[in-house]
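Here's a quick briefing to read alongside the model. Have the sequence and the 3D view open as you go through the points.

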Amino acid sequence: MKNSITFFCLSMSVACAQNEPSAVSSPHSETPVLEVSMYESPAIVREEAIDHPYDIAFEIVKFDHDQYGLQIDMRLFGGSFYVSPFSTRDFKGKFRVEIAPNDHLKLGSDIVETPCSQPVIDLHPFVDGEVNWVTENTKYEYPLEVKSTEDFEIGGKIIFVIEPKCTMEEIPLIFKYENGELRVEKWEC
């Protein structure tokens, strides 16, 4: 009987959700549990989230003679969302940057995410546990170190799954180092 009442109360709280998913703290964990899964969020505008879920822009900034940063600006539309690189669980579609193996350019691991995503527990079967969802416009900075004085071109890509569209996005990049300056461009294959 007690379990039936608890289930009924939880069902009512899910059915009454009006806005973006809110979270409540779990009695056994400090990580908040979403009352409504991100996949079922009433904030999702399906047509926009499917037709134009995001815009992405990126550029290189120079810090000193061989230290650079790859800055990425993610703009989300229609309630779209994705898994932050700071999620502790392993997700195939976690936001990440990869560069081809090389001896000229090193991608650092001290990533900056602004604003910082926070872990939540999403009980949807696709997740069923802790995740850092990115649900708002977010900027990233990935450190880059040039390890060569020679000119070079190196391929790379930005990879993530955009939800609720549920597509693996791969944005091809080309890093070009010419005359002592590093730049990045979208690679048109």
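Let's start at a loop: Thr 149 sits in the one that links S11 and S12. Bear in mind that this is a predicted model. From that loop, the notes below move on to the strands and then to the nonpolar cores.

**The loop at Thr 149**
- Is Thr 149 buried or exposed? Its relative accessibility is 77%, and exposed means over 50%, so Thr 149 counts as exposed.
- His 104 is 45 residues away from Thr 149 along the chain, yet the C-alpha atoms of the two are separated by 8.4 Å.

**The four-stranded sheet**
- Four strands make up an open sheet, and their order is S6-S12-S13-S14. The pairing here is antiparallel.
- Why do S6 and S14 each have one side without a neighbour in the sheet? Strand S6 (96–99) and S14 are at the edges and have a single partner strand each, so one side of each stays free of a neighbour in the sheet.
- Going from one strand to the next, the twist averages 25 degrees.

**S12 with S13**
- S12 and S13 are paired antiparallel, with 11 bridges between them.
- One pair to look up is Ile 154 and its bridge partner in S13, Phe 175.
- The hairpin of these two strands has four residues between them, and Cys 166 in this hairpin takes a positive phi near 65 degrees.

**S13 with S14**
- S13 and S14 also run antiparallel, joined by six bridges.
- Leu 173 has its bridge partner in S14, namely Lys 186.
- Two residues lie between the strands in this hairpin, where Asn 179 has a positive phi near 50 degrees.

**The nonpolar cores**
- As background, nonpolar side chains in soluble globular proteins tend to be buried together.
- In this model the largest nonpolar core contains 28 residues, and Leu 70, Ile 72 and Leu 182 have the most contacts inside it.
- Which strands supply at least two residues each to this core? They are strand S3 (54–62), strand S4 (67–76), strand S11 (138–146), strand S12 (152–162), strand S13 (167–178) and strand S14 (181–186).
- There's also a second, separate core with 12 residues, including Ala 49, Phe 81, Val 83 and Val 131.
- Back to Ile 72: leaving aside neighbours within four places in sequence, Ile 72 is in contact with Ile 56, Ala 57, Phe 58, Phe 95, Val 97, Thr 138, Lys 139, Tyr 140, Tyr 142 and Ile 158.

Methods
Residues numbered from 1 in each chain as written. Predicted model: local features only at pLDDT ≥ 70, side-chain atom pairs only at ≥ 80, totals over all residues. Heavy atoms only, no water. Core = buried A, V, L, I, M, F, W, Y, C linked by side-chain atoms within 4.5 Å. Buried < 20%, exposed > 50% of the residue type's maximum accessible area, 1.4 Å probe, protein only. Contact = heavy atoms within 4.5 Å. Pairing = 2+ DSSP bridges. Axes fitted to C-alpha atoms, helices over the stretch in contact; angles between N-to-C directions.
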